Amino acid sequence: MEEIVKILSVRNVTHDVRAYRIAKPDNYHFEPGQATDVSINKEKWKEERRPFTFTALNEWPYLEFTIKSYHDHDGVTNALYRLQPGDELIIRDVWGAISYKGEGYFIAGGAGITPFLAILRQLHQENKINSNQLFFSNKTSADIILKEELDEILGPNVHYIVTREENPLYKKGPVNKDFLIREVTDFTRPFYICGPDKMVADVARFLTELGANPETVVFEK
Ligand SMILES: Cc1cc2nc3c(=O)[nH]c(=O)nc-3n(C[C@H](O)[C@H](O)[C@H](O)COP(=O)(O)OP(=O)(O)OC[C@H]3O[C@@H](n4cnc5c(N)ncnc54)[C@H](O)[C@@H]3O)c2cc1C
């Protein structure tokens, strides 16, 4: 299945992340945490498919992607950054990336927050955040995606980590075994990890060694 969809609006979220609101095709459904393969509907880019996660909720009247652009090479995310309302994307079938399996710990690195954004927005809307905890690691405070909203959704249950900045407001990374021993109180709960491949692999290994059974998604960058 392929659908050509129009960009309705583009909003800056951080210095390199934008939220793109997209017209939603009729009968298009997804679960929070799912993704689709996206390409830009322009001659040069049509066949360049990249996975992105839906960050709107199913019942919202539009789709949304929250996308970090890499400007160091002429890839899809760099080209996306130049798009304006009215430009078109091609989206395809939805596929599962990560799904909610109960209260636990979300561990995100950078743009790896996107599946959790959808899941946490849904839980918040249903008043079901309860004891879910989010650990959100970024290089610097300027890289934190949607901090205000995450603060509102999670209150004291969100914990920010910065790995390349000395900042007393945030926890100091990296998320290693000592960090997890210090911060996690119950290793039998679900763990959801999403972010760059090295972070996901490392954290999953530490958690497994500590007796947990994490669900992971690797974002290649
Ligand atoms: C399930 C899933 C869901 C995702 N959801 C999101 C999301 O919601 N938001 C988000 O921001 N990201 C998300 N990602 C990550 C996103 O898919 C990647 O950031 C995106 O594919 C990068 O595409 P790109 O074309 O810009 O870069 P690439 O695919 O890395 O590169 C394109 C081309 O450039 C070459 N290249 C790569 N690096 C360099 C370099 N440094 N210099 C020169 N050439 C280079 C590559 O070989 C390739 O030919 C998701 C990933 C997965 C797996």
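# A guided tour of a two-domain chain

Begin by colouring the two domains of this predicted model: their centres, taken over C-alpha atoms, are 24 Å apart. In residue terms, select 2–95 for domain 1 and 105–219 for domain 2, as the domain assignment gives them. Where the two meet, 12 residues of domain 1 and 14 residues of domain 2 take part in the contact. On the domain 1 side, the touching residues comprise 5 nonpolar, 6 polar and 1 charged.

**The whole chain**

Next, display the entire chain as a cartoon. The secondary structure consists of 5 helices and 13 strands. Along the principal axes, the C-alpha atoms occupy a box of roughly 50 × 35 × 30 Å. The radius of gyration of the chain is 17 Å, which agrees with the value near 17 Å expected for a compact globule of 221 residues. Of these 221 residues, 35% are buried. If contacts between residues at least 6 apart in sequence are considered, 67% of them join residues at least 24 apart.

**The ligand shell**

Now select the ligand and the residues around it. The surroundings number 23 residues, of which R50, H73, G75, T77 and T114 come nearest. Which elements each supply at least two residues of this shell? They are the strands β4 (50–53), β5 (62–68) and β13 (215–219), together with α1 (76–80). By residue class, the shell divides into 11 nonpolar, 7 polar and 5 charged. With the domain colours still on, the position of the ligand shell can be read directly: domain 1 (2–95) and domain 2 (105–219) both contribute residues, so the shell lies between them.

**The largest nonpolar core**

Hide the ligand and turn to the interior. The largest nonpolar core holds 50 residues, and I107 and F116 touch the most other members. Among the elements, helix α2 (residues 114–125) gives the most to this core, with 5 residues. Because domain 1 (2–95) and domain 2 (105–219) both give residues to this core, it lies between them. Select I107 and show its neighbours: leaving aside residues up to four places away in sequence, I107 touches F135, V175, F191, Y192, I193 and V203.

**Backbone details**

The last stops concern the backbone. Go first to P174, in the loop between β11 (171–172) and α4 (177–183). The peptide bond joining G173 and P174 is cis, with omega at about 0 degrees.

Then move to N27, in the loop between β2 (17–23) and β3 (35–40). N27 is not a glycine, yet its phi is positive, at about 60 degrees. Is N27 buried or exposed? It is exposed, since N27 has 5 other C-beta atoms within 10 Å, and 12 or fewer is the limit for that class.

Finally, select L146, which belongs to the loop between β9 (133–138) and α3 (147–154). L146 also has a positive phi, of about 50 degrees, although it is not a glycine. What is the setting of L146, buried or exposed? With 20 C-beta neighbours inside 10 Å, L146 counts as buried, because the class begins at 20 or more. The tour thus ends with two loop residues of positive phi, N27 at about 60 degrees and L146 at about 50 degrees, the former exposed and the latter buried.

Conventions:
Residues numbered from 1 in each chain as written. Predicted model: local features only at pLDDT ≥ 70, side-chain atom pairs only at ≥ 80, totals over all residues. Domains from an automatic or database assignment. Contact = placed C-beta atoms within 7 Å. Nonpolar A, V, L, I, M, F, W, Y, C, P; charged D, E, K, R; others polar. Near = placed C-beta within 6 Å. Helix = DSSP H or I, 4+ residues; strand = E, 2+ residues; numbered from the N terminus. Core = buried A, V, L, I, M, F, W, Y, C linked by C-beta atoms within 7 Å. Rg over C-alpha atoms; globule rule 2.2 N^0.38 Å.
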